[in-house]
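Visitor: I have a model open here and would like to talk through its strands, salt bridges and empty spaces. Could you take me through it?

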Amino acid sequence: MLKCNLHLTPVDKARSPYFYVPFDVPAGTTRLDVTMRYEGAGDCIIDLGCADPRFGDFPSEQGFRGWSGGARDRFFVATDDATPGYVHGEMPAGTWRVILGLYRVPEHGVDVELAFAFDDAPRLHMSQPQRPRPVREGAGWYRGDLHCHTFHSDAKGSPELLHAAAKQAGLDFLAVADHNTITQRRYFHAHSSPELVFVRAMEVTTADGHANVFGVNDWIDFRMTRREDAHKLSGIVHEKGGLLSINHDKPTIPWDYDLPQIDCMEVWQQAWFARNWISLRRYQERLASGRKLSAIGGSDYHQPARLQPEGPFALARPTTVLWLPELSEDAVLAAMKAGHGYVTESPRGPHLALTVDAAPMGWTVHSIVSGGRAEAHVMGAAGDFLAWYDASGEIARMPIDGVDQKLTLEAAPQKFLRCEILAHASHAALVEEFRAAVGDGPLPWGLTEAELEAEPLRRAISNPVYFAP
C-alpha cells in the first residue's frame, strides 16, 4: 500500500482547478485501487479522477482512465473491469496521475490523503463495447430525453434502472450524458435497439459551465481553464463529427466561457419552474443576434436507486420531439442539428409543429410574401395560448380553442419565426401538480411564490424557421 499526503489551499486552486498527483504503476499490474480521504464540507469539495502515462495537457485524446467528480472517494481500474465512470483495459507501466478537481477549497486549506494498491493477479483483457446501429423503419414524430445520468457519474441508479424508466415513459430515444465520462456505454451500447435507441453523449462539466457532446465515439477532454478554451472544445467535437450543446444557461450554472460554435442549446432543463425562462431568454437573444441554434430540452434526470413513478421531476420532463425519416441514432443527430422538432412538457405533452410555406422547423426560407403562410399545428392544449416570436420578441398571441387545431399568422417576421404554448386554462392544474411534487418543503431553485404564479408557464417550444436576408 502506497500513501501520499497533501495540503491543498486556495492558492493551488487559483493556479489551476485541476491538481495532478503522479504515482508509478509497476509492470505486470492488472488492477489499481485508489482511495481518497479528506474532511469534506459545504465549502470543501474535491473531485476525483485518474489518467495513465499517455495523458497530456488539455486537450488530450489519450490516457483518460476515469472521473467520478465528487460522487466517489475511491475507485479501481483493472484489465477486465473498473468502477463506474472509469475505463478498464490495458494497464501500461509508468507514471499515472490522480486528477483532483479543486471545486471548493476552504480558506484554511484541506488535508488530502491518497492511498494506492496494486495487484498483478491474472485477469482477462476485456475490450470496450462496439457501437450498434439499430433502426426502426418509418417516418414520424419520435420522443426522447437528451440529458440524464446514471451511477457512472453522480446519480444513484444503475443504467438498468434508467433503461426501465425510459421504457416506463414510452420514449423512443435517450441520450445518457454522464459527467465527463462515457463508460455508461458498457451497458447502453449492448442494449440499444429499434424499440429504444440510445444516443452517444457526454456532459462536459466544469465549475464555469456545462455542455453536452452528442454523437462522438471518443471521450472529450473537459479540462477547460480559460474562457477561450471553449473554442478548442467546439473544434474537437466538430472534427469528430459530433454536436455541441450548451446546457442550462441560467443560475446556478450559467455558461461563463466564450460562446463557441454550437449546434444546439438546452432551452428547457428539468421542470419549467427551474428558471428556464432565463435560458429561453438567452436563446431568444442569440437567435436575434443572427445565430442559428436548435432548441432542445432534457430532464437532467439523475436516476435514483429505485424506479420512481412518473411526475414533474421524472425522466423526460421535458421531452424533445423530433421528426425523423426513421428511428436511428444518425437520424436523431441529424434532426437535432437541423432543428426539426420541438420541446414539450412531457412524453404526453402538447404537440407543436411550425411550418412556413410548408417548410418545416429548422429550414431557411424567403421572407413571407403575399400568399405566404405560417402555420402552427397544435394538439392537446385547448384553452391555452399560442405565442409567436421573431427577432423583435413576441409579435402575436392567439387563443387555442380546439384539441387539434391549426393556427395561422399574417405578419412579416424578422430573421426567424418560432412559437410557444403558454398555459392558461391548464395553468392552475400544472401549478398544483408541481406543488404536490415539491411537498411541504420550500420551493426549489430559490423560486418565489410570485414567480410561481406570475411567470408564464410554457408547455411547448418550437424550433424556428429562419428567413433568408
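Visitor: Which strands form the open sheet, and in what order?

Guide: Four strands form that open sheet, in the order E21-E20-E23-E26, and the pairing is antiparallel. Strands here are DSSP runs of E with at least two residues, helices are runs of H or I with at least four residues, and both are numbered from the N terminus; two strands pair if DSSP finds at least two bridges between them. This is a predicted model, in which local features need pLDDT of at least 70 and side-chain atom pairs count only at pLDDT 80 or more, while totals for chains, interfaces and linings use all residues. Residues are numbered from 1 along each chain as its sequence is written, and side-chain values use heavy atoms, with hydrogens and water left out.

Visitor: Which strands stand at the edges?

Guide: Strand E21 (359–360) and strand E26 (404–409) do, and because each has a single partner strand, one side of each is left without a neighbour in the sheet.

Visitor: And how many bridges join E20 and E21?

Guide: E20, which covers residues 351–356, pairs with E21 in the antiparallel sense over two bridges. Within this part of the sheet, Thr 355 stands opposite Pro 360 in E21.

Visitor: Switching to charges, how many salt bridges are there in the whole structure?

Guide: A search of the whole structure finds 32 salt bridges, where the criterion is a side-chain nitrogen of Lys or Arg within 4 Å of a carboxyl oxygen of Asp or Glu.

Visitor: Take Arg 418 and Glu 420: how far apart are the closest N and O atoms, and are the two residues buried or exposed?

Guide: The closest N and O atoms of Arg 418 and Glu 420 are 2.7 Å apart. Arg 418 counts as buried at 2% relative accessibility, and Glu 420 is buried too, with a relative accessible area of 0%. Here buried means under 20% relative accessible area, exposed means over 50%, and partly exposed lies in between, with a 1.4 Å probe and protein chains only.

Visitor: What about Asp 52 and Arg 54?

Guide: Asp 52 and Arg 54 form a salt bridge with their closest N and O atoms 2.6 Å apart. Asp 52 counts as buried, at 2% relative accessibility, whereas Arg 54, at 44%, counts as partly exposed.

Visitor: Which residues are linked in a network?

Guide: Arg 131, Arg 133, Arg 200, Glu 329 and Asp 330 are linked in a network of salt bridges.

Visitor: Arg 200 might come up again, I guess. What space lies in the largest pocket?

Guide: About 1000 Å³ lies in the largest pocket. On a 1 Å grid over the protein atoms alone, a pocket is an open set of points with protein on both sides within 12 Å along at least five of seven lines, a cavity is a set where a 1.4 Å probe fits but cannot get out, and lining residues have an atom within 4 Å of a point. Points are joined across faces, edges and corners, and the volume is the space filled by probe spheres set on them.

Visitor: What lines that largest pocket?

Guide: The largest pocket is lined by 44 residues, and Tyr 103, Thr 205, Thr 206, His 210 and Ile 253 lie nearest its centre. Two or more lining residues come from each of strands E4 (45–51), E5 (64–69), E7 (94–104) and E12 (201–206), and E7 has the largest share, with four residues. By class the lining has 15 nonpolar, 17 polar and twelve charged residues, with Ala, Val, Leu, Ile, Met, Phe, Trp, Tyr, Cys and Pro counted as nonpolar, Asp, Glu, Lys and Arg as charged, and the others, Gly among them, as polar.

Visitor: And the second largest pocket, what lines that?

Guide: The second largest pocket holds about 680 Å³ of space. Of its 22 lining residues, Val 87, Gln 128, Ile 182, Asn 217 and Trp 219 are the closest to its centre, and helix H3 (185–191) gives the largest share, three residues.

Visitor: Which residues lie nearest the centre of the largest cavity?

Guide: Phe 188, His 189, Phe 198, Val 199 and Arg 200 do, out of 14 lining residues, and the volume of this cavity is about 120 Å³. Arg 200 is also one of the residues in the salt-bridge network. H3 gives the most to this lining, with three residues.
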